[in-house]
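Reader: I'm new to this structure and would love a close look at one part of it. Could you walk me through the nonpolar core and the pieces around it?

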Amino acid sequence: MLEKLQIVKQRFDEVSDLIIQPDIITDQKRYVQLNKEYKDLRILMDKRELYIELTNNLNEAEEIIADGSDAEMVEMAKMQYDEAKEGIPKLEEDIRFLLIPKDPDDAKNVVIEVRAGTGGDEASIFAGDLYRMYTKYCEGKGWNVSVVDLNEGTAGGFKEIIFEVSGDDVYGTMKFEAGVHRVQRVPQTETQGRVHTSAATVMVLPEAEEFDVELDMTEVRIERTTSTGPGGQSVNTTYSAIKLHHEPTGMIVSCQDQKSSHKNLEKALKVLRSRLYEMELAKKQAADSEKRKSMVSSGDRSAKIRTYNYPQGRVTDHRIGLTLYDLQNIINGDIQKLIDELMLAENTEKLKASDEHI
């Protein structure tokens with residue numbers, strides 16, 4: 001373990017030196033990457049110091065116990081020995097997880113797109129429930145949520161809603177939500193009291209920085225229109241809504257959330273960049289056999305990942321076979337326990353993969 005940590009320390013010293021170099025500071029992309037790496041390595045360095053301290057304590061205690069000449073010292077040494085013996089395995093486990101190579105995208109902000117699937121009005125209502133669930137969860141974590149575009153359902157909820165989330169390690173947390181979510185409940189419109197199954201698709205795109213995707217603006221046609229729907233006179237009469245047509249892919253991105261045309265354009269470009277970046281990412285994941293084998297984040301948008309069953313008050317995550325009888329709290333934004341279990345499953349997979357490579 002100490003040999004591995006020594007390699008990490010060399011890299012930490014190297015990064016510490018690099019981030020104060022003037023040429024690195026002026027290279028924004030490199031500087032941001034190195035700063036993030038520095039923060040991650042700092043956590044490992046703290047664990048390394050604690051590990052060294054505990055192993056030293058263990059060795060010291062063993063020597064005092066073996067000597068046995070001072071009964072009082074032996075008593076203290078036994079306590080020190082037990083403490084170190086108990087702490088070291090737990091610390092080693094923590095360090096092993098921290099040594100798993102991190103996905104550089106995990107630190108990114110995200111663009112989330114929730115779309116109603118099969119199930120008509122009920123699917124739109126469910127898409128609205130999911131949006132509310134994510135909003136509450138993100139706000140609880142101190143993240144910022146900002147709507148880009150929405151298309152309301154006829155009986156409430158949304159046919160589709162696109163929103164940005166910014167904060168710390170957002171993609172690393174929210175990526176587990178991508179896929180098809182299914183709801184089983186009696187719709188408000190159902191007179192016979194029968195349980196219906198509806199679905200909504202969630203896409204989680206890592207937000208692409210300008211230097212991640214070189215966007216050729218000559219290939220983007222910008223259309224300015226007046227906003228539709230609620231928003232007051234000024235929003236609906238000025239040409240502030242933006243629609244981008246990306247000619248090479250046929251992608252269309254709309255944004256009409258802000259009163260300012262400039263701000264809507266900025267948001268729409270962010271979504272377009274993120275979609276293009278995610279397309280490249282999907283290709284990379286398909287080529288990467290380890291990622292493709294992963295149960296947890298397969299990247300398959302058509303995969304049914306979770307079922308919310310109202311009559312039984314349960315939520316089942318199909319990727320890890322986890323069922324929780326806590327539907328009301330979960331749909332109100334308490335999804336951390338699901339995410340924790342998914343993260344643990346993915347880290348365990350990664351750990352197995354890295355052990356196989358050693």
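Author: Here is a tour that begins in the core and then moves out to the strands, helices and charged pairs. Please keep in mind that this is a predicted model.

Let's begin inside. The largest nonpolar core holds 38 residues. Those with the most contacts inside this core are I112, L130, F163, V165 and Y308. Helix α5, residues 120-140, gives the largest share of the core, with eight residues. In soluble globular proteins, nonpolar side chains tend to be buried together.

Y308 is a good place to pause. Leaving aside neighbours within four places in sequence, Y308 touches a long list of residues, including F126, L130 and M133. Its contacts also include H181, R182, V183 and Q184, as well as R314, V315, L327, I330 and I331. Apart from this core lies another one, of 21 residues, with L205, V253, L272 and Y277 among them.

Now for helix α5 itself. This helix has 21 residues and reaches 31 Å from its first C-alpha to its last, close to the 30 Å expected at 1.5 Å a residue. Helix α5 is mostly covered, with 15 of its 21 residues buried. After α5 comes G142, which has a positive phi near 80 degrees.

Next, the strands that hold some of the core residues named above. Strand β1, residues 110-116, pairs with β3 in the antiparallel sense over six bridges. One of the matched pairs is R115 with E160, the latter in β3. Strand β2, residues 144-152, also runs antiparallel to β3, and eight bridges join the two. Here V145 has V165 of β3 as its bridge partner, and V165 is one of the residues with the most contacts inside the largest core. Five residues lie between the strands in the hairpin of β2 and β3, where G156 takes a positive phi near 110 degrees.

Just beyond, in the loop between β3 (158-166) and α6, you will find D169. Most residues other than glycine have a negative phi, and most peptide bonds are trans. D169 has a positive phi, near 50 degrees, though this residue is not a glycine. D169 is partly exposed, with a relative accessible area of 36%.

A second pair of strands brings us back to the other core. Strand β7 (residues 241-246) and β8 run antiparallel and are joined by five bridges. K243 is matched with S254 of β8. Between these strands the hairpin has four residues, and G250 there takes a positive phi near 80 degrees. In a regular strand the side chains alternate between the two faces of the sheet. Strand β8, residues 251-255, shows such alternation: M251, V253 and C255 point to one face and are buried, while I252 and S254 point to the other and are not. V253 is also among the residues of the 21-residue core.

Helix α1 tells a similar story of two sides. This helix has 17 residues and reaches 24 Å from first C-alpha to last, close to the 24 Å expected at 1.5 Å a residue. L5, V8, F12 and V15 of α1 are buried. These four lie on the same side of α1, because they cover an arc of only 75 degrees around the axis. On the other side of α1, E3 and I7 are exposed. The cover over the buried residues of α1 includes α3 and α4 (71-98).

Finally, the charges. Side chains of opposite charge can pair when their charged atoms come close. Across the whole structure, a search finds 25 salt bridges. In one of them, E37 pairs with R11, with the closest N and O atoms 2.7 Å apart. This pair links helix α3 (residues 28-67) with helix α1 (residues 2-18), distant parts of the chain, the two residues being 26 apart. E37 is partly exposed, at a relative accessible area of 25%, and R11 is partly exposed as well, at 26%.

E346 and K175 form another salt bridge, with the closest N and O atoms 3.6 Å apart. E346 lies in helix α11 (residues 336-357) and K175 in the loop between α6 (170-174) and β4 (179-185), so the pair ties together parts that are 171 residues apart in sequence. Both E346 and K175 are buried. They also belong to a network of salt bridges that links D106, K175, E346 and K350.

Terms used
Residues are numbered from 1 along each chain as its sequence is written. This is a predicted model: local features need pLDDT of at least 70, side-chain atom pairs count only at pLDDT 80 or more; totals for chains, interfaces and linings use all residues. Side-chain values use heavy atoms; hydrogens and water are left out. A nonpolar core is a set of buried Ala, Val, Leu, Ile, Met, Phe, Trp, Tyr and Cys residues joined through side-chain atoms within 4.5 Å. Buried means under 20% relative accessible area, exposed over 50%, partly exposed in between (1.4 Å probe, protein chains only). Contact means heavy atoms within 4.5 Å. A salt bridge is a side-chain nitrogen of Lys or Arg within 4 Å of a carboxyl oxygen of Asp or Glu. The expected span of a helix is 1.5 Å times one less than its number of residues. The arc is that of the directions from the helix axis to the C-beta atoms. Two strands pair if DSSP finds at least two bridges between them.
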